[in-house]
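Dear colleague,

I am passing this structure on to you, with some notes on what turned up in it. Please read them with the structure open.

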Amino acid sequence: MSQPQSISRSKSLPQLRKRRIAFAFDIDGVIHTKGNVHPNARGTIGYLQQRGIPFIFLTNAGLRTEQARAEYIKQMLGLELKTSQFVQVHTPFLDLLPAYADKTVLAIGYRGDHIRDLAHAQGFEHVITPADLTVAYRDHYPRYCHFGHVPISEADRHYARPLPQNPPELRIHAILVYCEPDDPAWANCAFLIIDLLLSRHGRPGTRSELNDTPALPNRGYLQDHPPALHFCNLDPLPTSRDPDSQKLKPGAKPAMVRAMVAANPSHVQKRPYLWSHLKPQHQDLSFQILVEETFSALTGGASTNTLGMGKPFEVTFSYAERRLRKLAHDHDLAMRASDPVSLPREPLQTVYMIGDTADTDILGANTFRSRHGIEWKSVLVETGVYRRGEVPDFPPTAVQRGVGEAVEWALTESGNLEEADLTI
Ligand SMILES: [Mg+2]
């Protein structure tokens, strides 16, 4: 991997072969911090818009609809932006609609109806929540805290929707984890997921007879059509909202959870609810690791086949690239419509990921391999999590001060900078 490089502003343009480019911008720490727009952000985004250079916002934020996120940023920047230019952490769930739009999905996240509403807004028609299951099937899914069994809360009773009286009559086709469940449901949700993974056809109260069959793949686990498990990964490390909070190295949190599994095998094997007092003080990635590691411990090493999304995962970068190619295509159609004799444009060649976090923005862009031959380059900016002088855990293609400098560098590097742009 090449070392970070920087450019010095020059009034003479190098003669570079011009490539067709696009941009993916992280939002928090790049466009704004705590609602304060960063210098040059508005001008830079507006400039790309004027020149018809495709761009999207690619954020690990979530918990609101894409429309709401777009509206928030549009108002902040004072620019007209399309909802299709926003890819949040759970936006790739939209790809699951053909399979699950009319099937029952279990949506996991904060208590109340917020996550159910979000899943409905995305297009999932039959959404149930952990509260629905624990209220309807209280004998099958007792709730625990570290003191032992706890009664169902008033909040859960309030938000729970009715389910079939007989648990196996319900079939859950997919589990969508929108974010880490909030305390105290954390451990209960983990074991609810595990219970359904062990079931036959995703039916509560059942066990697949194929489980623990060494001759079958994955020792027979997940071979009887349990729900597909999809996880969003909100930023696992401190974000630029809280850049001065205690920093954990990448991998530290999975290691902590694995250490807890190793230190408490009897809890995992016999009294899993005791996990509820081991909730680590960090976020989603550790919940995913808890589910995977506990499932592995309970099954003698079987995998959960989890599909993760959000930066730095491949699913998200693939989704983002598809959006950028579509934006480029739409732009070309509009140009042809206004000028029918114009020549068709070449396909996208390079995407620049502009971000402030090495282990999501930079790692994801560096490791993503496009199926369309598009090269992804990464630019780390100094306006968020990353601070000047630090050695990033994952080296970017370039380090630049802020979003304006990052775009100017990319335009220069790709042969797209025009004389008039030198004042960006
Ligand atoms: Mg960021």
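Which exposed residues does the face of H1 turned away from its buried side carry? They are Gln50 and Arg51, where exposed stands for 12 or fewer other C-beta atoms (placed from the backbone) within 10 Å of a residue's own, buried for 20 or more, and partly exposed for what lies in between.

Please note that this is a predicted model, in which local features need pLDDT of at least 70 and side-chain atom pairs count only at pLDDT 80 or more, while totals for chains, interfaces and linings use all residues. Residues are numbered from 1 along each chain as its sequence is written.

Helix H1 spans residues 41-51, and its buried residues are Ala41, Thr44 and Ile45; helices (H or I, at least four residues) and strands (E, at least two) are DSSP runs numbered from the N terminus. Seen down the axis of H1, these buried residues line one face, because they fall within an arc of 95 degrees, taken over the directions from the helix axis to the C-beta atoms. Just after H1, Gly52 has a positive phi of about 70 degrees.

Elsewhere, six strands make up an open sheet with parallel pairing, in the order S5-S4-S1-S13-S14-S15, two strands being paired if DSSP finds at least two bridges between them. Strands S5 (86-87) and S15 (398-400) stand at the edges with a single partner strand each, so one side of each has no neighbour in the sheet. S13 (residues 350-355) and S14 (residues 375-381) run parallel and are joined by six bridges, and Ile354 stands opposite Val379 in S14.

Best regards
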